[in-house]
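Reader: I am new to this structure and would like a close look at one part of it, taken slowly. Please connect that part to what lies around it.

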Amino acid sequence: MTTLPGIAAIGAGLAVLGAGIGIGRIGASALEAIARQPEAAGKIQTVMIIAAALVEGAALFAVVVSLLVAG
Amino acid sequence: MPAALKTNAFLPVSQLSASRFAFIFTFVFCTLLFFSGKSWASDQSNAEDSSKTGAEEFDAISTILHHVLDNHDWHLFDSKDQDGTLHPVSIPLPIILLSEGQLDVFMSSAFEHGHATVQRGSRAYEIDNHGHITESNGHSVLDFSITKNVASMLIAVLLLLIIFTRGAKSYDASSGRPQGIAKVVEPLVLFVRDDIAIPNIGDQYKKYMPYLLTAFFFIWINNLLGLIPTGANFTGNISVTATLAFFTLLITNFSGTKTYWGHVFTPHVPLWLYPIMIPVEMVGVVAKPIALMIRLFANITAGHIIILSLISLIFVFKSLAMAPVALGFVLFISCIELLVAALQAYVFTLLSALFIGLALEQPATDAHH
Amino acid sequence: MKELIQPNLGLVVWTSLSFLILMFVLRKYAWKPILEAVEERDQKIAQALKEAENARKEVGSLSSERDKLLADIKDERDQILADAAKTRDFIVSEAKHKATEEASRILETAREAIHNERMAAVTEVRNMAAKLAIDVAEKVLGNHFADQAKQEEFVRAEMDKIKLN
């Protein structure tokens, strides 16, 4: 009984780790791109948010699965 | 302090009425904050059987769940009797039930917080701890009650109607310049048009503007209302996000062009891959709105859970010294949540526009596929 | 935790109903008027900019026309001035010429008259002198020359010796 929620929590943690790395990389790349081309900042920001939202969506799927498993 | 943040968002409306509005808003906010603190203090015993006066074990998980989920009444705070029993004080909300082809309407106060059975004709209704209403004789019940979430949404709808219909009327007739509230409304509307609709949809954006604008402001204002203490977790409810995502699914697929459906049913792959590719593409059609649904739900619910967990720390540690630390964190997270409220409304609308734009794809633009 | 992702029919119905009503009401009473007002204003601004551009162009063409007109007028003035100068010079030189001619003609006439007068005066003086000399000589020689013929011959000889310049 107690092990399953624990494992689910670890799973959620791993999902967040992945999303963190992914969004971090997106943010870093966007920052570099904006530093290189400040005039394209608006466009880069939009694309960055879309990409971050997609990564986040994948992580949230994992978190929801963890929620289900944890009961 | 979060009150100051929220009132600031409304300040530019108009000088005189804005300051009055800010005052009332701050007053109501502080009152709610005070009462919600009391209700938190009492929740720990509410979670347990209130007749037991002995060990009061605080169950953070069930308390948080109780606040994140929907309810049949709008719980404000609990009051304590002379003999130490707690009475929850809440705003009763209408309950609308459909059972055996009969419509039964009564106020949630009739349940007396789960202690009473409500008799309507031959039907006896009971409510359990999770707010599920069942019929004692085993008949199926359809629940169309005005729950806390529905009530919160109706408030949001009212606010939206007032703000935007007034905004539309606040234009100077001769010069066409925005006046008063339109000075706030117009840049937001133009933001949706110029930064969300036009770049993603293109020339045909006008047809989709009502949906995108309504979705953006509906989600945003509901997110904000959810941040007010004792507020409902409307946009963090899977039914709500599923409904909104379903609208995007419908609009996307009903505006799908030949090219769009061509991608689904005749992808540019060898013929023997079709049995794999077509199901994958069809999953993709459905997965996009499902991602929208999960994203909004999980983001808003996560925000609520974090804030509630931080406040729960005070009761878990049973120490007042924890309060300043927890409140500091709550303030910090609340500021982030204000940003998330707008960001998630933006992301939902942006991705809806993006999916619509993809569905409107013309043959000439897909050279890279 | 499962309750979190359990859909609720009542909430779905209320949400769809409210959202759709909200969308249709706001489309009619908010989005359409706002977007139309913005578009109308944008068009007005574009129109005004276009008109300003046209006006600017017109002003430009007007000023170039004016410049041309001014240049024409200047040319004409210069022409008239040049003509006037020429006429003036002509008149002056003509007058000078005529005056000189007149003067020389008057001078000539005067000189001629003087000459004639002098010739007449000289002749008269000569005649008078001759008559005087004859009278004197007649008186002197009345005594000296009894013979009239001899006297006249002598005088004539003597007269021929005197040559007036």
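Which are the buried residues of α2(A)?

Author: The model is a predicted one, and the answer below should be read with that in mind. The buried residues of α2(A) are A:Ile44, A:Ile49, A:Ile50, A:Ala52, A:Ala53, A:Glu56, A:Gly57, A:Ala59, A:Leu60, A:Val64, A:Ser66 and A:Leu67. The helix that carries them, α2 of chain A, runs over residues 41-70 and has 30 residues; from its first C-alpha to its last it reaches 42 Å, which is close to the 44 Å expected at 1.5 Å a residue. The cover over these buried residues includes α1 (3-36) of chain A, and chain B contributes to it with α9 (274-317) and α10 (322-359).

Chain B also leads to the nonpolar cores. The largest nonpolar core has 84 residues, and of these B:Phe164 and B:Phe218 touch the most other members. Leaving aside residues up to four places away in sequence, B:Phe218 touches B:Met153, B:Val157, B:Leu160, B:Phe234 and B:Leu244, and also C:Phe19 and C:Leu22 from chain C. Separate from this is a second core of 11 residues, with B:Phe58, B:Ala60, B:Ile314 and B:Ala323 among them.

The aromatic rings add to this picture, with 15 aromatic pairs counted over all chains. One of these is the edge-to-face pair of B:Tyr211 and C:Phe19, whose rings lie 5.9 Å apart centre to centre with 70° between the planes. Because B:Tyr211 lies in helix α6 (residues 209-227) of chain B and C:Phe19 in helix α1 (residues 9-144) of chain C, this pair joins two chains; B:Tyr211 and C:Phe19 are both buried. Another pair, B:Phe216 with B:Trp220, is tilted, at 5.7 Å centre to centre and 50° between the planes. B:Phe216 and B:Trp220 both belong to helix α6 of chain B, where they are 4 residues apart, about one turn of the helix. B:Phe216 has 3% relative accessibility and therefore counts as buried, whereas B:Trp220, at 22%, counts as partly exposed. Through ring pairs, B:Phe164, B:Phe191, B:Phe216, B:Phe217, B:Trp220, B:Tyr346 and C:Trp31 are linked into a cluster.

Finally, the contact between chain C and chain B can be taken as a whole. Chain C and chain B bury about 3,700 Å² between them, 78% of it on carbon and sulfur atoms, and the count of salt bridges between these two chains is 2. In one salt bridge the side chains of C:Glu39 and B:Lys206 meet at 3.4 Å, N to O.

Methods: Residues are numbered from 1 along each chain as its sequence is written. Chains are lettered from A and ligands numbered from 1 in the order in which they are written. This is a predicted model: local features need pLDDT of at least 70, side-chain atom pairs count only at pLDDT 80 or more; totals for chains, interfaces and linings use all residues. Side-chain values use heavy atoms; hydrogens and water are left out. The expected span of a helix is 1.5 Å times one less than its number of residues. Buried means under 20% relative accessible area, exposed over 50%, partly exposed in between (1.4 Å probe, protein chains only). Contact means heavy atoms within 4.5 Å. A nonpolar core is a set of buried Ala, Val, Leu, Ile, Met, Phe, Trp, Tyr and Cys residues joined through side-chain atoms within 4.5 Å. Rings of Phe, Tyr and Trp (its six-membered ring) pair if their centres lie within 6.5 Å; planes under 30 degrees apart count as stacked, over 60 as edge-to-face and the rest as tilted. Buried area is the accessible area (1.4 Å probe) that two parts lose on being put together, summed over both. A salt bridge is a side-chain nitrogen of Lys or Arg within 4 Å of a carboxyl oxygen of Asp or Glu.
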